[in-house]
Structures are given as C-alpha cells and as structure tokens.
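Colleague: I am new to this structure and would like to understand the words people use for it. Could we go through them together?

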Amino acid sequence: MTPLLESEEHKSLREAVAAFAKTHPHTTNAEDNTRLWQAAAKLGYIGVNLPEAYGGGGAGITELSLVLEELGAAGNPLLMMIVSPAICGTVIARFGTEEQKREWLPHLADGTRLMAFGITEPDAGSNSHRITTTARRDAATGDWILTGRKVFVSGVDIADATLIVGRTEDARTGKLKPCLFIVPRDAPGFERRAIDMELNAVERQFELTLDDVRLPADALVGDEDAGLLQLFAGLNPERVMTAAFGIGMGRYALSRALEYARERTVWKTPIGAHQAIAHPLAQAHIDLELARLMMQKAAHLYDAGDDVGAGEAANMAKYAAGEACVKAVDQAVHTLGGNGLTREYGLARLITASRVARIAPVSREMILNYVSHQTLGLPKSY
C-alpha cells in the first residue's frame, strides 16, 4: 500500500486509538501518565511495532507513529513512546541477543518496563562523533566499564534501564567507535540529576554521570564493530516518531482553535468566518497534512528495510513536522487572543513544548545540513 493512502487496517487503528485517547483526561502528572501508558499497552498500542514472538504487535514504525500522532491529537502525547519502544525496542529487536530480546521486549511491549536513551553529551551536542563516554573491557573479568556524562535524557527516573551510547577503542586502528549498552537504573556509579526545565511536561529531563559503571559482558547490544549501523537503526525511528509527536500536538492545538473560531462571536458572525482567522488556520492544516505524508513515507521506507532512504525521509519529516507544529500552535494561541494564554484552554503550555519538535532530537539547522550534503551534494562547511 502506498503511503499516500492509508489502508483500511490503518484507518481502523487510527479510529480506535483516537477513541481510546478521548476517554482519558489530560495527563498532568506522573501518575496519570503511567495509567495512560499502561492502559495503552494493555490494548497493544505501546508495543505495536515489536515482534509478535516477544509479545509485540508485529507491525512497524508506521503503526507506532500513527498511535503517537492520535494520542497527541487528543492532547495526550506519550513522549516515552519515542524512546522506549521506538528507539530501544527497535535496536534490541534488530540487534540484541536472544537473551536480551527475551529479557526486555515482552516487558517493553506490555508496559511493565520502560527504557530511556542516552546519547547527547554536554560538549558534543549534535556531533555524535565527539561523544566522550567511553567503555573499556576489564581484561580479568570481561566486564565493561563505562565512564562519561549525558544530558537531556528523558524519563530516566521512570525507566528501568537506559540504553547508553558509548565508545570503545578499536584495537586495530586506535580510533573510538560507537557502541550501545544497557545500563540498569540501580547500577553502582550511575547517577542522575534532574535538569530544571521551563518545559511543562510530565516526563522530566536528566543529566547522567557514569563513574566507572561496571556492566557484565552481555550488557553490550549487538556487534561491537557495527555500532554506527545499530545507532542509526534507532535514530531513524526516533525522527519519525518525533514527527508524529509534533503533528499530533499541532493537530490538537488546531482543533482547539477551530472550536473557538466556530463559536466565538464578536460582531455578527463567528470569528472563523473572517479570512484573517480562517486562512491561517487552513494553512496550518495544510502544513500538518504535508508533514504527515512525509512522515508516512519515512515510516514505510524504514519498515521496508530501506535504512538509507528512510534516513533522508525521516529527517525531512522531522523538519516539516517541527515547522508545522510551531506554526499551528502559534496560530491557535493567536486565534484565541488573551484566552490562548489562560490555563483554561491549555494552549499556552504548548508554546514551549512545540519548540521541542524543532530542537530535539536534532535541530532543524542540522537537518538542513543533512539535506544539503546528502541529498543535494553540496560541500560541507564543517
């Protein structure tokens, strides 16, 4: 089925998730968020992309992104869906050992466990080649010993483990290469500190310190020599899911603005009858629909096994969704005027939240760099 048109199965899934999301109140605290997560997992939504053999739905990122978009459109986006099933679940399903799959995938699918993902570092930013968290082997025991720092790691306090991107030294070249490790929450030397964010989100952000964290040999996910391939196998779904997050948020903001514009009457007609109100809302809807098409293309390419094609499309989708989300939220707030800044309507909190779709997990400028170099063949500036 072409991504231009949704299958009947996908339409049914979208309707079911939308109906489910509307039955839950907006999650404003960790307890509500956990209940929503567990309820969604019970219905098979959280693990829809994970293999059936390990308790998942056997579908793909296409279906998982659809779920997140509809939850967001109802005002209840689950940020950890980007991290736990999409990044960590995908990496373990594709590259983990049989023991790692049995240990983690059923629990990620049924919502009884969560995983966080740690890649960003204070001095590396968007340059993953400058990651300094290192992993070295203890020659006597075969254990891995991790040392380093991570920042802006979501949900570490509610995650049972964090998938950490470290670097090991290649004995042949002496160069550092990326590798992925499962670090349990209670591992000695693994410390977290909450970052004081002006972001009204249930999921908190953390700085992590790894001070000679000792891990067993089987904490390594996949092949030590294929870390970069494995890393990007998780980052492409991350971009697709971030696009879904932004599109869902933009749709929610737009729906609130439309409700208001249909009812709010200042002179003789509802304000939505005036083109100065109607046209910007129509433009916001068009931008969100266009972003969704690119997101669906990226998800279909990824699920078809085209990692290269998915990488290009996922970056474009994330860029388009971030821009569409910010514009939709801005126009929604503007449509409501002063009411758009009140707690009653719940739009003001999205002003900050919508910026996340532009900034994380990679900035729009870095995506433009990617498209410039990889798609258009222009020389690098760095």
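Modeller: Gladly! Let's begin with a term: a pocket is an open set of grid points with protein on both sides within 12 Å along at least five of seven lines. Please keep in mind that this is a predicted model. In it, the second largest pocket has a volume of about 370 Å³.

Colleague: Which residues line the second largest pocket, and which lie nearest its centre?

Modeller: The lining is made of 20 residues, and A73, A74, R251, Y252 and S255 are the ones nearest the centre. Two or more lining residues come from each of α1 (8-22), α3 (61-73), α6 (227-263) and α7 (275-303). The largest share belongs to α6, with 8 residues. By class, the lining of this pocket has 8 nonpolar, 4 polar and 8 charged residues.

Colleague: What makes a cavity something other than a pocket?

Modeller: In a cavity a 1.4 Å probe fits but cannot get out, whereas a pocket is open. Searching the whole structure for cavities of 30 Å³ or more gives 1. The volume of the largest cavity is about 70 Å³.

Colleague: What surrounds the largest cavity?

Modeller: Its lining has 12 residues, with E6, R14, T62, L66 and Q296 nearest the centre. Helices α1, α3 and α7 each supply at least two of the lining residues, and α3 gives the most, with 4. The lining of the largest cavity splits into 4 nonpolar, 5 polar and 3 charged residues.

Colleague: Why is H10 called buried?

Modeller: Buried means under 20% relative accessible area. H10 has a relative accessible area of 11%, so H10 is buried. This residue lies in helix α1. Not counting residues up to four places away in sequence, H10 touches T62, E63 and L66.

Colleague: How do you know whether N33 is buried or exposed?

Modeller: The same test applies. The relative accessibility of N33 is 8%, which is under 20%, so N33 counts as buried. You will find N33 in helix α2 (residues 30-42). Leaving aside neighbours within four places in sequence, N33 is in contact with T27, L78, V202 and E203. As for F245, it is 212 residues from N33 in sequence, and the two are 16 Å apart in space, C-alpha to C-alpha.

Colleague: How do you know that the length of α8 agrees with what is expected of a helix?

Modeller: The expected span is 1.5 Å times one less than the number of residues. For the 30 residues of α8 (residues 307-336) that gives 44 Å, and the end C-alpha atoms are 42 Å apart, so the two agree. Helix α8 is also mostly covered, as 21 of its 30 residues are buried. After α8 comes G337, with a positive phi near 65°.

Colleague: How does α5 do on the length test?

Modeller: Helix α5 (residues 98-110) has 13 residues, and its reach of 18 Å from first C-alpha to last is close to the 18 Å expected.

Colleague: Where does α5 bend?

Modeller: The bend, about 25°, is at W104, and the proline P106 follows within four residues. W104 is also one of the buried residues of α5, together with Q100, K101, L105, L108 and A109. Helix α5 is followed by G111, which has a positive phi near 85°.

Colleague: What makes a positive phi in a residue other than glycine worth pointing out?

Modeller: Most residues other than glycine have a negative phi. F152, in strand β3 (residues 144-154), has a positive phi near 55°. D212, in strand β7 (residues 205-215), has a positive phi of about 50°.

Colleague: Why are F152 and D212 called partly exposed?

Modeller: Partly exposed covers what lies between the 20% and 50% limits. F152 has a relative accessible area of 48%, so F152 is partly exposed. For D212 the value is 41%, so D212 is partly exposed too.

Colleague: Where is there a cis peptide bond?

Modeller: A cis peptide bond joins A360 and P361, with omega about -5°. P361 lies in the loop between α9 (348-359) and α10 (364-375). As a general rule, most peptide bonds are trans.

Notes. Residues are numbered from 1 along each chain as its sequence is written. This is a predicted model: local features need pLDDT of at least 70, side-chain atom pairs count only at pLDDT 80 or more; totals for chains, interfaces and linings use all residues. Side-chain values use heavy atoms; hydrogens and water are left out. The bend at a residue is the angle between axes fitted to the seven residues ending there and the seven starting there. Buried means under 20% relative accessible area, exposed over 50%, partly exposed in between (1.4 Å probe, protein chains only). On a 1 Å grid over the protein atoms alone, a cavity is a set of points where a 1.4 Å probe fits but cannot get out, and a pocket is an open set with protein on both sides within 12 Å along at least five of seven lines; lining residues have an atom within 4 Å of a point. Grid points are joined across faces, edges and corners, and a volume is the space filled by probe spheres set on the points. Ala, Val, Leu, Ile, Met, Phe, Trp, Tyr, Cys and Pro count as nonpolar, Asp, Glu, Lys and Arg as charged, and the others, Gly among them, as polar. Contact means heavy atoms within 4.5 Å.
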